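Here's a quick tour of one protein chain and the ligand that comes with it. Have a look at the structure first, and then we'll start at the ligand and work outwards.

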Amino acid sequence: MASVVSDKRGTYVDLEGHTVRKYDFLQLSKIPRLEFDDPNVESIIANEEPVLLVNSNIISSALKWDLDYLKKNLGAGSFSVYSSKTCKFMYYDEKRAKQWPYFIPPTQRIHMKFEEFCSRVRNLKASDSRVYLQQMLDDSVGKNIVKDFLEFKWQWLTEMQRKMNWGSLTSNLLLIGLPGNITPVHYDEQQNFFGQLTGFKRVILFHPDQFKCLYPFPLYHPCDRQSQRFPKLKELKGYEVIVGPGDVLYIPMYWWHHVESTMNSGITTSVNFWFKAGPTPSQITHPLTAQQKVAVMRNIERMLGEALGDPHEVGPLLNCMVNGRYTENNDENDYGADVLS
Ligand SMILES: O=C(O)CCC(=O)C(=O)O
């Protein structure tokens, strides 16, 4: 039986030597851990299933990216740092937030020099807001960082991109977090190779077919793609994995993921590789995959928003269309048509 500890922020258990949040109500299986050159890797990625790649050297040139090295080499630019009163750092779209007058931003984005971020991290008191640096890497970084970046295993990455028929690499997000920081469950519309550089993270993933249990915010909401409530938590079936320095986790597009920095491995540094989806296949086969169904739902919401001219009208119109016509318990044995006949 794993030992359990609690503090003001939550209850934790031991998972393979890592102290993580206790979520024992979730049914979680393990993600496969494979050598990056294992012959099964390609077919798993082609099937859009998550896999942890170990011993790959894909990001080994950046394993030295701890706070001291980054402080010396990251450059004098300004960095995006999110501040939160809790451990949770839920993403939201700042532009959309302006159109939702009652929306309370879950975090605040501030800009600071890397030196200031380091001093915030090193002097953080338990009562302070927590911080999470999340910055797209760009060409403002120092020359040693550029050198490390160029030494990533680009040949393998671009070969995978070509074989999977993905679109272009859109960005590399650098994430530097404190023990216990949580990125709550959400999905992205891009393919992701998520590389871990320092410290350990626990990643919980759910297949896109779990959409109905995760209740995402509407498309036009600032928290689009984030889960808003969990009434069906006990029905959820997911996967989990611990990622450590040098590991690369493939997070397929539309797969839900919760990411948590473990409590006992210090500062976590990660860098991801986001790729655009490939083109829609010319031949559609039925039944559609769960991923394709999520894309269809998003397109319907988008079209309605454009047709109605006001994103706030999408929900009422969808409800009006569905309620009593397509609700789950309204099958053909349950018409009750005789009431009015
Ligand atoms: O590492 C994290 O906290 C979140 C990363 C993430 O959600 C992503 O790369 O898509």
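## Around the ligand

This is a predicted model, so keep that in mind as you read. The shell around the ligand is made up of Leu175, Thr183, Asp188, Asn192, Phe194, Ile251, His257, Val259, Ser270 and Asn272. Three elements each put two or more residues into that shell: strand E13 (191-198), strand E17 (256-261) and strand E18 (268-275).

What mix of nonpolar, polar and charged residues does the shell have? It splits into 4 nonpolar, 5 polar and 1 charged.

## The annotated domain

UniProt, in an unreviewed entry, lists residues 138-290 as "domain: JmjC". Over that stretch, the chain is 34% strand and 15% helix. From one end of residues 138-290 to the other, the C-alpha atoms are 34 Å apart.

## The chain as a whole

Zooming out, the chain has 18 strands and 9 helices. Its radius of gyration comes to 22 Å, close to the 20 Å that the globule rule gives for 341 residues, so the chain is as compact as a globular protein of that length. Along the principal axes, the C-alpha atoms fill a box of roughly 80 × 50 × 50 Å.

As for the inside, 30% of the 341 residues count as buried. Take the contacts with a separation of 6 or more, and 81% of them come from residues 24 or more positions apart.

## Glycine 266, between two strands

Back to E17 and E18: the loop between them holds glycine 266. Is glycine 266 buried or exposed? Partly exposed, as it turns out, because it has 15 C-beta neighbours inside 10 Å, while a residue needs 20 or more to be buried and 12 or fewer to be exposed.

Setting aside neighbours within four places in sequence, glycine 266 is in contact with Pro179 and Gly199. The proline is a good example of a long-range pair: glycine 266 and proline 179 are 87 residues apart in sequence, yet their C-alpha atoms are 5.8 Å apart in space.

## Lysine 8, towards the N terminus

Lysine 8 sits in the loop between strand E1 (4-7) and strand E2 (10-15). This lysine 8 counts as exposed, because it has 5 C-beta neighbours inside 10 Å.

Which residue is 118 residues away from lysine 8 in sequence? That's alanine 126, and the C-alpha to C-alpha distance between the two is 10.0 Å.

Methods: Residues are numbered from 1 along each chain as its sequence is written. This is a predicted model: local features need pLDDT of at least 70, side-chain atom pairs count only at pLDDT 80 or more; totals for chains, interfaces and linings use all residues. Helices (H or I, at least four residues) and strands (E, at least two) are DSSP runs, numbered from the N terminus. A residue is near a molecule or strand if its C-beta atom, placed from the backbone, lies within 6 Å of it. Ala, Val, Leu, Ile, Met, Phe, Trp, Tyr, Cys and Pro count as nonpolar, Asp, Glu, Lys and Arg as charged, and the others, Gly among them, as polar. UniProt positions are given in the numbering used here, feature names are shortened, and annotations may be inferred rather than shown by experiment. The radius of gyration is taken over C-alpha atoms; the globule rule is 2.2 Å times the number of residues to the power 0.38. Two residues are in contact if their C-beta atoms, placed from the backbone, lie within 7 Å.
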